[in-house]
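Biologist: I am new to this structure and would love a close look at one part of it. Could you walk me through the place where the ligand sits, and then show me how that part fits with the rest?

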Amino acid sequence: MKSPGKSETGTVYLIGSGPGDPGLLTLKGQALLKKADVVIYDNLVNSELLNWVPEHTERIYVGKKAGQHTLRQEKINQLLIEKAQTRAVVVRLKGGDPYIFGRGGEEALALWEAGIPFEVVPGITAGAAALNYAGIPATLRGMDASLTFVTGHEDPAKENSDINWKALAAEKSTLVFYMGVGQLPKITAQLITHGKSPQTPAAVIRNGTLPDQNVLVGTLETISDRAKAVRLAPPALIVVGEVVNLREKLSWFEKKPLFGKRILVTRAQGQAGSLADLLREQGAAAIVLPAIEIVDPESWKSADEVLAHPERIDWLVFTSANGVKRWMQRLFDSGVDVRALGKIQIASIGAATSEALKNYGLIPDLQPASFIAEGLIEAFQTVSLKNKTVVLARAEAARDVLPETLKQMGAIVTVAPVYRTILNSRSREMAAHLFEKPAAFPDWITFTSSSTVEKFVQLIGAEKIPQVASAVKTACIGPITQKTAERFGFHTTVMPKQFLIPDLVKALVSYEMGAKTRKFQKGKIT
Ligand code: SAH
């Protein structure tokens, strides 16, 4: 990558991050984040987008948040210029679209004045996206003839207002006010004074496109009292116009089964993504708190010994996708390829492990119906193991039931640890923060293995568990995990029939859908 010396100047990319939902970043924005040398971002930017940024990238927060150090606009402009003098790719990440009430115009002008090359990547503005997620089409044929984005920042009562209230009130237009929460009573009063009907539908959308999106609906006359009653805080948009009424029919986002639920994912970082994505697809706020980390075993001795003579192995047994990946990597590192596994028979504990095998072109000869060690043992009943060499490629600390039973069945068993599960201490700070006050607790904790339970307990401290276990619902992937969770005092509310990640999500969905129905029925009775 280009690394400019003193004479060479980098480029500043003003990138719109979209309104909040990380999926609404543009492909161009994502590509630039992936090669950013420095990212300078605001508080409206979803911090998850920083996951696209390389490890070495400098991250500078310049947002305004109560009690936090903030940089004034001139200082931000200066920072952009300075960074461009030493870095090739300077990303300035801004909420929504950089040029819509985002002061992106000022930043671009400052760069132009300083002779710094810049590009601007548009983003989806809140005025489009948040309305959409709230079930309000910004325009609809017959209902309005235009769409107006208005700043709500300025005091509407001030003399010589930049806003032509008379024109705004007169036009058959959907009005969208940005930054208007503080001025809401004055905005509605101005519109009514200038002739807009007090009955005009109005809405306030807070945290649009995010799992905690909150929408209040009323009329020009009622909306500011409604917002006051719930002490609505920014960021929020005010929408005025007939289109607000369509929300009843078009609100799709808030109808998702897990909408509004905060669900903790405790899997290892590299694997958390798939569970978090599936939960988000269902509308949940997935909070990724990796409790575990997968690292090398204390010793490779045992694995290396069997790998030195793969021709001596009759059966190779995998009990996790991690086991497969780690074993195969070690095999490749020893300088051979899959052909070394030749005629070895392979057993897999379940579908996810078999899927991992498939990635290497391997199909297991044995896979039980129930995805636990006991199921595997049962499946082995159909095979003669007498004097067969069986290798278990698995985690360092795992249950003894499998090797012990296979031995009893006549096999010569070698346990070959290919990884170790340890506490992810980088999660400590976030864990402490999340579990500081019950009000901030998530709705659910998901456990996908016994080690996630054990390490989660270590993360938040055993003394906290009774309080957490009584306030937060627990979802476990299967009976072994459930048993471990129970040992620590968690009561499992949800466990899927098949011990797989997609099934865990399905079980959560059906529980929450049931909960909604139960609530509804209860409401009817009382
Ligand atoms: N450039 C941004 C707007 C920045 S001004 C854009 O194009 O969206 C900040 C204002 O944007 C907030 O006060 C609020 O009115 C609005 N806003 C930004 N994100 C929002 C969200 N997720 N939900 C509702 N309003 C939002």
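Modeller: Gladly! Around the ligand there are 18 residues, and those that come nearest are I100, T125, M179, G208 and A236. Please keep in mind that this is a predicted model.

Let's start with the polar contacts. The side chain of T125 has an N or O atom 2.6 Å from an oxygen atom of the ligand. Next along the chain, A126 offers a polar backbone atom, and this one is 2.9 Å from an oxygen atom of the ligand. On the nitrogen side, a nitrogen atom of the ligand lies 2.8 Å from a backbone N or O atom of G208. As for how covered the ligand is, it would expose 540 Å² if taken alone, and the protein buries 92% of that.

What kinds of residues make up the shell around the ligand? It divides into 11 nonpolar, 6 polar and 1 charged.

Now for where this site belongs in the chain. The chain is divided into four parts: domain 1 (11-124), domain 2 (128-255), domain 3 (262-291 + 425-520) and domain 4 (295-423). The ligand lies between domain 1 and domain 2, because both of them give residues to the shell around it.

Two backbone details are worth finding in your view. Most residues other than glycine have a negative phi, and most peptide bonds are trans. F101 has a positive phi, near 45 degrees, and is not a glycine. You will find F101 in the loop between β4 (89-94) and α3 (104-114). The other detail is a cis peptide bond between P234 and P235, with omega about 5 degrees. P235 belongs to the loop between α7 (223-229) and β10 (236-240).

To fit this into the rest of the model, turn to the other two domains. The centres of domain 1 and domain 3, taken over C-alpha atoms, are separated by 34 Å. Here we meet the second largest pocket, with a volume of about 1,400 Å³. It is lined by 50 residues, of which T319, S320, Y419, T448 and S449 are the closest to its centre. That lining divides into 23 nonpolar, 17 polar and 10 charged residues. Domain 3 and domain 4 both give residues to the lining, so the second largest pocket lies between these two domains.

Definitions and conventions:
Residues numbered from 1 in each chain as written. Predicted model: local features only at pLDDT ≥ 70, side-chain atom pairs only at ≥ 80, totals over all residues. Heavy atoms only, no water. Near = heavy atom within 4 Å. Polar contact = N/O pair within 3.5 Å; in protein donor to acceptor, adjacent residues only side chain to side chain. Areas by Shrake-Rupley, 256 points an atom, 1.4 Å probe, with all protein chains shown as cover. Nonpolar A, V, L, I, M, F, W, Y, C, P; charged D, E, K, R; others polar. Domains from an automatic or database assignment. 1 Å grid on protein atoms, 1.4 Å probe; cavity = no way out; pocket = protein on both sides within 12 Å on 5 of 7 lines; lining within 4 Å. Points joined across faces, edges and corners; volume = space filled by probe spheres on them. Helix = DSSP H or I, 4+ residues; strand = E, 2+ residues; numbered from the N terminus.
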